[in-house]
Amino acid sequence: MTSNKVKNMKKIFYLTFLSLQLFSASIKAQYDIRLEVKNIKDSACYLVKYTFNYHLWVDTAKVSKGNIRFKGNKKLDKGLYMLVGQKKNRYFDFIVNNEQKFSIKTDTVNFVVNAALSGTNENKLLFDYLKLIMQKTEEYNKLKKELTGIDSTEKMMQRSKEIDVAIKQ
């Protein structure tokens, strides 16, 4: 073989290699949502997007020892999503926006309170807000049980307003 042929073959090899690298980079995951739900009984779960009039079933994933991974080549539409089990039972909601690669670890006892989030600031804010709502609801219900008598309605109204202000803040 002549040295020109060897040089041409090397060029073809490098171009082919470079093309394969570029192609593989273009098909890398655009979304990668890793969920770990301790004690989940389903063998498969669904990624479902809320829409105005219906729910859009976006992806399906196997459940392996509580681990669920939704991964795809195209970016997901921004919005509110939910994890749904095989019997169409909703586990919890989360946000997909610019952050499309994140993880949530939780359990089936209390999805919101026991959640640990990574790679998603928006979902941290959402879960913190949901925790606050749960806490304030618990406070309100406790107060409701404790109050009796003539002035209980007025006290309940006042406390309800205070809780409402705290939630809005």
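**View 1. Val58 sits in strand E3, which covers residues 55-64.** This and the other views come from a predicted model. With a relative accessibility of 30%, Val58 counts as partly exposed, because that class lies between buried (under 20%) and exposed (over 50%). Look around Val58 and you will find its partners: together with Tyr54 and Leu56 it forms a nonpolar patch on the surface. The three residues share about 270 Å² of accessible area.

**View 2. Helix H3 (residues 152-168) has a span that agrees with its length.** Its 17 residues should span 24 Å at 1.5 Å a residue, and the end C-alpha atoms are indeed 24 Å apart. Now for the buried residues of H3, which are Ser152, Met156 and Ile163. These three cover an arc of only 35 degrees around the axis, so they lie on the same side of H3. Here a general point helps: an α-helix has 3.6 residues a turn, so residues three or four places apart point the same way. The buried residues of H3 pack against helix H2 (121-146), while Glu154, Lys161 and Lys168 are exposed on the other side of H3.

**View 3. Asn39 has a positive phi in the loop between strands E1 (31-38) and E2 (44-50).** The angle is about 70 degrees, although Asn39 is not a glycine. Asn39 counts as partly exposed, with a relative accessibility of 47%.

**View 4. Lys88 lies in the loop that links strand E5 (79-84) and strand E6 (90-96).** Here, too, is a residue that is not a glycine but has a positive phi, of about 65 degrees. Lys88 is exposed, because its relative accessible area is 66%, and the cut-off for exposed is over 50%.

Conventions: Residues numbered from 1 in each chain as written. Predicted model: local features only at pLDDT ≥ 70, side-chain atom pairs only at ≥ 80, totals over all residues. Heavy atoms only, no water. Patch = residues over 30% accessible without salt bridge, like charges linked within 9 Å, V, L, I, M, F, W, Y side chains within 5 Å. Areas by Shrake-Rupley, 256 points an atom, 1.4 Å probe, with all protein chains shown as cover. Salt bridge = Lys/Arg side-chain N within 4 Å of Asp/Glu carboxyl O. Helix = DSSP H or I, 4+ residues; strand = E, 2+ residues; numbered from the N terminus. Buried < 20%, exposed > 50% of the residue type's maximum accessible area, 1.4 Å probe, protein only. Expected span 1.5 Å × (residues − 1). Arc of directions from axis to C-beta. Contact = heavy atoms within 4.5 Å.
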